[in-house]
Amino acid sequence: MTEIPTSRHSAFQVLTGLFSLPAGARIGAGPMIAAVILVVIVLAAVLAPLYVPYDPLAMNSAARLQAPSSEHLLGTDPYGRDTFSRVMVGARVSLLIGVGAAVVSVAIGLMIGLVAGFFRAADGVIMRIMDSLMAIPAILLAIALVALNGPSLMSVIIAITVPEVPRVVRLVRSVILSAREEPYVEAAIALGSSMPKILIQHLMPNTFAPLIVQGTYICASAILIEAILSFLGAGVSTEIPTWGNIMAEGRTYFQIKPGLIFWPGLMLSLCILAINLLGDTARDLLDPRMKKREG
Amino acid sequence: MFVYILKRIVATIPVMVIVAVFVFLLLRLTPGDPAAILAGDSASPDQLERIRDRLGLNDPLIVQFMRWMGQLMRGDLGTSLISNTSVSGMLIDRLGPTINIALMTIVISVALAVPMGVIAAWRHRTWVDFLVMSFSVLGFSVPVFVIGYILIQIFAIELRWVPVQGYRAPSDGIGPFFSRAILPSLTLATIYIALIARMTRASMLEVLGEDYIRTARAKGVRENVVLFRHALRNAAVPILTIIGTGFALLISGVVVTESVFNIPGIGRLTVDAILARDYPVIQAMILLTAGIYVFVNLLVDVSYSFFDPRIRY
C-alpha cells in the first residue's frame with residue numbers, strides 16, 4: 001500500500017515547529033500562538049482599569065473568600081477584593097517589572113561588556129567581578145537587596161537587574177572579542193577612527209541581535225523572580241497588586257481557596273511561556289549558529 | 001592533573017574574596033543599621049551609640065572588613081543579632097534537612113532527566129521528543145512555589161498520600177522522612193529536570209550525527225550500548241556543565257521550597273534572616289551558598305577528564 005502524501009499538517013507537526021524551526025524558514029504556528037497570547041495579555045493589562053468590574057483595592061467584608069460567580073468571575077480574596085480585577089490590574093506591575101528589568105540589565109550589561117571586550121586591561125578585573133556576582137544565587141541576592149533597600153518598585157527592579165547583568169556582560173564581551181578581529185575593525189583602526197567611534201559604530205551593532213534574545217529571557221525571568229520575591233515577603237509593597245503579591249496573600253488560605261494561587265500562577269506561566277517561546281524563535285531567526293547547540 | 005586541580009582551587013580564591021567584599025559592602029552601604037535592630041525601637045541615641053561602638057560599627061570600613069575577614073579565616077561566622085547565638089551553630093543545626101532534600105533532588109533529576117534527554121534525541125521529532133521538550137519549556141515557565149502548591153493539592157489534599165507540610169529527619173524512620181521529603185524534592189527537581197533534559201537532548205543530537213556512531217551501529221553494536229556508552233559519554237561535558245551551573249537554580253529553589261513546605265533548613269533560615277535583617281546570618285549564608293556553587297563547579301571541571309579522556313590537563 002502506498003502512502004498518499006497530504007498537504008495537511010498534523011497538530012503534532014505544527015507544535016514541534018515550536019522547538020525546531022529551520023533557520024530562515026517562515027515563523028511557525030507555535031510562535032504565532034505565543035505572540036497572540038502575549039499581545040492579549042499585554043493589552044488586557046494595559047487596558048485593565050477600563051474594564052475590570054471592581055476596584056482591585058476595594059475591600060468588602062460582606063464578600064470574603066467567595067467562590068467564583070457571575071458577580072465575581074474568579075471569586076474574592078480574604079478581604080473581599082475581586083480576584084479577577086486584582087489579577088488583571090496586577091499584570092500591569094508584573095509586566096512593568098519584567099520590561100524594566102530587561103531594559104536596565106541590557107543597558108548596563110552592554111556598557112560594561114563593551115569596555116571589557118575592547119580594553120584588555122579592564123577585562124580581567126571586570127570578568128573576575130562578574131564571575132563572583134554569578135556565584136551568588138540570584139534569588140538570594142535579590143531578596144537581600146530588596147530587604148535592605150526597602151520594598152519599592154525601583155528597588156525590586158534593581159534587585160532583579162544586579163544578578164542578570166553579569167550574564168549580559170559575558171554575552172556582549174564574547175561578541176566584541178570575536179568582532180574586533182574582523183577586517184573592517186582593523187581597517188577602521190588603520191584609518192585612524194577614534195576609539196569611541198569604533199566601539200559604538202562598528203562593534204556595538206554586532207551585539208544587538210543576541211541582546212534582543214537575551215532581553216526576552218531576562219524579561220521572562222524577571223516576572224518569575226518578582227513573583228518569588230513577593231511570595232517570600234520581599235517584593236513590592238503589599239498595597240500594590242502584582243501576580244506575586246496576590247499569590248503571596250493566597251498562601252494562608254491555600255487549602256480552602258487554591259484559586260488565589262492558581263489563577264495568577266496560570267496567567268504568569270502563560271505569559272512567561274509565551275515570552276520564552278518568542279525568545280527561542282528570535283534566537284533561531286537571528287542566529288542560526290546558536291540553534292545547533294540548544295536544539 | 002594534580003597541578004591542574006591545584007591551579008583551579010587557587011583560582012577560586014579571588015572569586016571568593018570578591019564575593020566577600022561584595023557581601024560586606026552590600027550590607028554596609030545600604031540603609032539599615034544593625035545597631036538599631038539589636039537595640040529595638042525604644043533605644044535612646046546614646047544607647048545606639050554604645051551598641052555601635054561595641055559592634056565596631058564606628059570604625060573605618062576597611063578596619064571593619066579586615067576584622068571580619070580575620071574572623072572568617074578562623075572559622076568564626078559571627079553572632080546572630082536576633083537569637084544571639086553563634087551563626088555557625090545555627091547553620092549546622094539547619095543544614096541537615098537542606099542537604100537531604102538537595103541530594104534527593106539531584107538523584108531524582110539526573111535519574112529522570114538524562115534518560116529523558118537521551119530518548120528525546122534518539123527519537124528526534126517524534127511525540128516522545130515533543131513531550132520531553134514541552135515538559136522542559138513548561139518547567140521553566142511555572143514558578144517553583146506554584147509547582148509546590150499543585151503537588152500539595154494533588155498528592156496531599158486530594159489523594160492524601162503524603163502529609164501537606166513538615167519535615168522528619170531520616171533518623172526518625174525512613175518512611176516518615178521519605179513521605180515528607182518527596183514532594184519538596186519533586187518540586188525542586190522540576191526546573192532542574194527541565195534544564196538537564198534540554199541540554200542532554202541538544203548535546204546528544206550533536207553527537208548522534210557523528211561518524212563513530214554510524215560506525216558503531218554498522219558493526220552491530222546494540223542500540224542501548226550505542227546510546228549510553230558511545231553517545232552519552234561523548235555528550236557528557238555540556239551536560240555536566242549545566243548540572244554545575246544549574247546548581248545556583250537549585251540553591252535558589254531551596255529557599256522557596258522550604259518556605260512552601262515548612263522545612264526548617266538553611267533556606268528558611270536565610271529568608272527569616274533577610275526579613276529580620278540579621279546581618280551576620282545573611283553574610284554567612286551568601287558566602288556559604290557562593291562557596292558551594294564555586295566548589296560544585298570546581299568538581300564539575302575536574303570531572304570532565306573522567307568522562308572525556310580527550311581532555312587532559
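Select A:Phe231, A:Phe254, A:Phe262, B:Phe145 and B:Tyr149 together, and you have the members of one aromatic cluster in what is a predicted model.

Within that selection, keep A:Phe231 and B:Tyr149, whose rings form an edge-to-face aromatic pair with 6.1 Å from centre to centre and 75° between the planes. Colouring by chain will show that this pair crosses between chains, running from A:Phe231 in helix 10 (residues 205–231) of chain A to B:Tyr149 in helix 7 (residues 144–158) of chain B. Both partners can then be checked for accessibility: A:Phe231 counts as buried because its relative accessibility is 2%, and B:Tyr149, at 4% relative accessibility, counts as buried as well.

Stay with A:Phe231 and add A:Arg251, which lies over the face of that ring, 4.4 Å from the ring centre. A comparable arrangement to select next is in chain B, where B:Arg123 lies over the face of B:Trp122 at 4.0 Å from the ring centre.

Over all chains the structure holds eleven aromatic pairs. Among them is the pair of A:Tyr51 and A:Phe84, which is tilted, with 6.5 Å between the centres and 55° between the planes. Show the backbone around both residues: A:Tyr51 lies in helix 3 (residues 48–51) of chain A and A:Phe84 in helix 4 (residues 83–118) of chain A, so the pair ties together parts that are 33 residues apart in sequence. Which of these two residues, as you inspect the surface, is partly exposed? A:Tyr51 is, with a relative accessible area of 35%, whereas A:Phe84 counts as buried at 18% relative accessibility, since the cut-off for buried is under 20%.

Notes
Residues are numbered from 1 along each chain as its sequence is written. Chains are lettered from A and ligands numbered from 1 in the order in which they are written. This is a predicted model: local features need pLDDT of at least 70, side-chain atom pairs count only at pLDDT 80 or more; totals for chains, interfaces and linings use all residues. Side-chain values use heavy atoms; hydrogens and water are left out. Rings of Phe, Tyr and Trp (its six-membered ring) pair if their centres lie within 6.5 Å; planes under 30 degrees apart count as stacked, over 60 as edge-to-face and the rest as tilted. Helices (H or I, at least four residues) and strands (E, at least two) are DSSP runs, numbered from the N terminus. Buried means under 20% relative accessible area, exposed over 50%, partly exposed in between (1.4 Å probe, protein chains only). A charge sits over a ring if NZ of Lys or CZ of Arg is within 6 Å of the ring centre and within 35 degrees of the ring normal.
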